[in-house]
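Q: Hello! I would like a close look at one part of this model, and I would be glad of an explanation in simple terms.
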Amino acid sequence: MIRAHTVAAVREAEAPRLTAGEPLMARAAFALATRVAAELRERGHRVSGSVVLLLVGGGNNGGDALFAGTHLARRGCQVHAALLGERPPAAGLAAARAAGVRVHEVLAAPDVPGAVVALARAAGVWVDGLTGIGARGPLRAPLTAVVGALAAEKAASPDEPVVVAVDVPSGIGVDDGALPGPVLPADVTVTMGTAKPGLLLPPAAAVAGRVEVVDLGLDGDLAAAAPAVCRLAPADVADLWPVPGPADQKYTRGVLGVVAGSQAFPGAAVLAVAGAVGAGLGMVRYRGPEVPTGLVHARHPEVVAAPGRVQAWVIGSGIDPDDAARTQAMEESLAAALAARLPVALDAGGLSLVHDDGHPDLPATVVLTPHAGELATLLTARGEEVTRADVEAAPARHARLAAEITGATVLLKGAATVVAAPDGPLYAQADATPWLATAGAGDVLAGVLGALLAGYGDAIAADEEGRLTALPARLAAAAALVHGRAARRAAGQGPDGSGPGAPITAQDVAAALPGAVGALLR
Ligand SMILES: NC(=O)C1=CN([C@@H]2O[C@H](COP(=O)(O)OP(=O)(O)OC[C@H]3O[C@@H](n4cnc5c(N)ncnc54)[C@H](OP(=O)(O)O)[C@@H]3O)[C@@H](O)[C@H]2O)[C@@H](O)CC1
Ligand SMILES: Nc1ncnc2c1ncn2[C@@H]1O[C@H](COP(=O)(O)OP(=O)(O)O)[C@@H](O)[C@H]1O
Ligand SMILES: [K+]
């Protein structure tokens, strides 16, 4: 699992070590130089003789870049430093000059962005050391224009140069993942001591590239501080996944009640069920009208259409809230789940059940699964006027707000999926592929989540002391990981999303689920 800590937590962990004189910056800079050299070699370049440009701001972030440049110059790189802060870090500057780094006072140039771009064109690596955890707000002039010009230059030739961000891509919201102004998208971010929330959270996560965490020996100090954002790795999900043992039978594995699909949108029933059975569980009980029931049985003859005991529910995929009969079925199932303390995935039309405060204080065992548009509608209905664009600009903040207002856990779908409970860490999963942006993919996710919730349903229902309140968020993040990996598999991409892939349908994703789960458990 990757854990990200806020700026305040990092400062607190570093403070005693800095007071004790630990050489944190020297460690950071050495690791940064090592990474730059590795990037050069991985691209088939010799380290010696390569041209490296350091973009140096006025704080310790620029200091990291300068000290790293010192190491690189000693290894034979031709290193240039563009000084872009008003008071460049003195110790780093002196060390860099002594090692032969060529220093450019570009702020004195008549055309600052032009002067930096001219240096950049000659370099195979750009090291972004403008601002790190000391940044406040969007980049200021003239950095705004410099970064904009460099980003345009990079966009014109994406493979060369390699952009290595120091700690964070300068200009992102370090704690909230916002993109308040222009940034230079990185290929790799070398982050110091621990990941930062903005490296995991959308939209900023998309400009961080691969994130490499440098061990500064802060783990012990940071262990005491709760992470602000977590990202589950496949091994974490394997640990959580309900794997049947020899003593299990279908009822102990978990039964999922599905209230999805309608006469108007019958396919959603098939897809939600396909997600659940593909993820693996004891049994699905489907509750719906004739057309979707017939379709479900045609694809999944094992599904039971008779009422009975369940351990969790999926409610709402493919249901129009104006469909009175289906809305009544959703209400009854939600009420039954709440009375029995069973977990619920509340999707699509099911979200309308919490648009008013008829359910004023949901437990965190109810997981809402909106996309950005649905979350905007839900928040607006609950008195927080926001648009889809507002949600997309700050997904984590809006997911948390919805969790606080409703009491539920919120899984917000998107290119990266964010999960927020009313408290506890956020989760940010980026395991999917843009090929997954296709109709019905969300119905499959609801089914996957339902299967996982069913596997833990009895334990959650029995948890009177609230020891498992953080579990639904973790399960939701796990469902997003498996769903995303199944999509990559279906699209013919590697588990890390490598390769161009190919078009997929929601059904393809469901069909790839058993293989994706099996690969995790191997
Ligand atoms: N602490 C440690 O032990 C370790 C820290 N480490 C490293 O130090 C970094 C933190 O360094 P830091 O605290 O010096 O701040 P930093 O990120 O360089 O930013 C401050 C500079 O940016 C400027 N600036 C601010 N906002 C701006 C804006 N919007 N637009 C433009 N400029 C803006 C600000 O200017 P000012 O506002 O003061 O005029 C000032 O010049 C950290 O990320 C990591 O890389 C590692 O070596 C490990 C050990
Ligand atoms: N650009 C993207 N990259 C990766 N995954 C995406 C992207 N866009 C959407 N997704 C995922 O695709 C799914 C779409 O679900 P949703 O919007 O509910 O569609 P539907 O309502 O048609 O089922 C979600 O799991 C979402 O996270
Ligand atoms: K930076």
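Leaving aside its neighbours within four places in sequence, which residues is serine 170 in contact with?

A: Happy to help! First, a word on the model: it is predicted, so local features need a pLDDT of at least 70 and side-chain atom pairs count only at pLDDT 80 or more, while totals for chains, interfaces and linings use all residues. Residues are numbered from 1 along each chain as its sequence is written, and chains are lettered from A and ligands numbered from 1 in the order in which they are written.

Now to your residue. Serine 170 is in contact with Gly57, Asp128, Leu130, Thr131, Ala135, Leu139, Val147, Val183 and Leu184, once neighbours within four places in sequence are set aside. Two residues are in contact if their C-beta atoms, placed from the backbone, lie within 7 Å. Serine 170 sits in the loop between strand 6 (162-166) and strand 7 (188-192). Helices (H or I, at least four residues) and strands (E, at least two) are DSSP runs, numbered from the N terminus.

Is serine 170 buried or exposed? Serine 170 counts as buried because it has 27 C-beta neighbours inside 10 Å. The cut-offs are these: buried needs 20 or more other C-beta atoms within 10 Å of the residue's own, exposed means 12 or fewer, and partly exposed lies in between, with C-beta atoms placed from the backbone.

Serine 170 also appears in a record. The UniProt annotation "binding site", from an unreviewed entry, covers Asn61, Asp128 and Ser170. These three span 110 residues in sequence, yet no two of their C-alpha atoms are more than 9.3 Å apart, so they gather at one spot. A small caution about such records: UniProt positions are given in the numbering used here, feature names are shortened, and annotations may be inferred rather than shown by experiment.

Let us visit another member of that trio. Asparagine 61 lies in helix 3, and it counts as buried because it has 27 C-beta neighbours inside 10 Å. Not counting residues up to four places away in sequence, asparagine 61 touches Gly129, Leu130, Thr131, Gly132, Gly134, Val166 and Asp167. Leu130 and Thr131 are among the contacts of asparagine 61, and they are also among those of serine 170.

Next comes ligand 1. Its shell has 27 residues, and the closest are Gly58, Gly59, Asn60, Gly132 and Gly134. A residue is near a molecule if its C-beta atom, placed from the backbone, lies within 6 Å of it. Helix 1 (7-19), helix 2 (24-42) and helix 3 (60-74) each supply at least two residues of this shell. Helix 3, where asparagine 61 lies, gives the most, with four residues. Sorted by class, the shell has eleven nonpolar, eleven polar and five charged residues. Here Ala, Val, Leu, Ile, Met, Phe, Trp, Tyr, Cys and Pro count as nonpolar, Asp, Glu, Lys and Arg as charged, and the others, Gly among them, as polar.

Finally, the wider setting. The chain is divided into domain 1 (2-229) and domain 2 (235-521), with bounds from an automatic or database domain assignment. The contact between them takes twelve residues from domain 1 and 13 residues from domain 2. On the domain 1 side, ten of the touching residues are nonpolar, one is polar and one is charged. The C-alpha centres of the two domains lie 39 Å apart.
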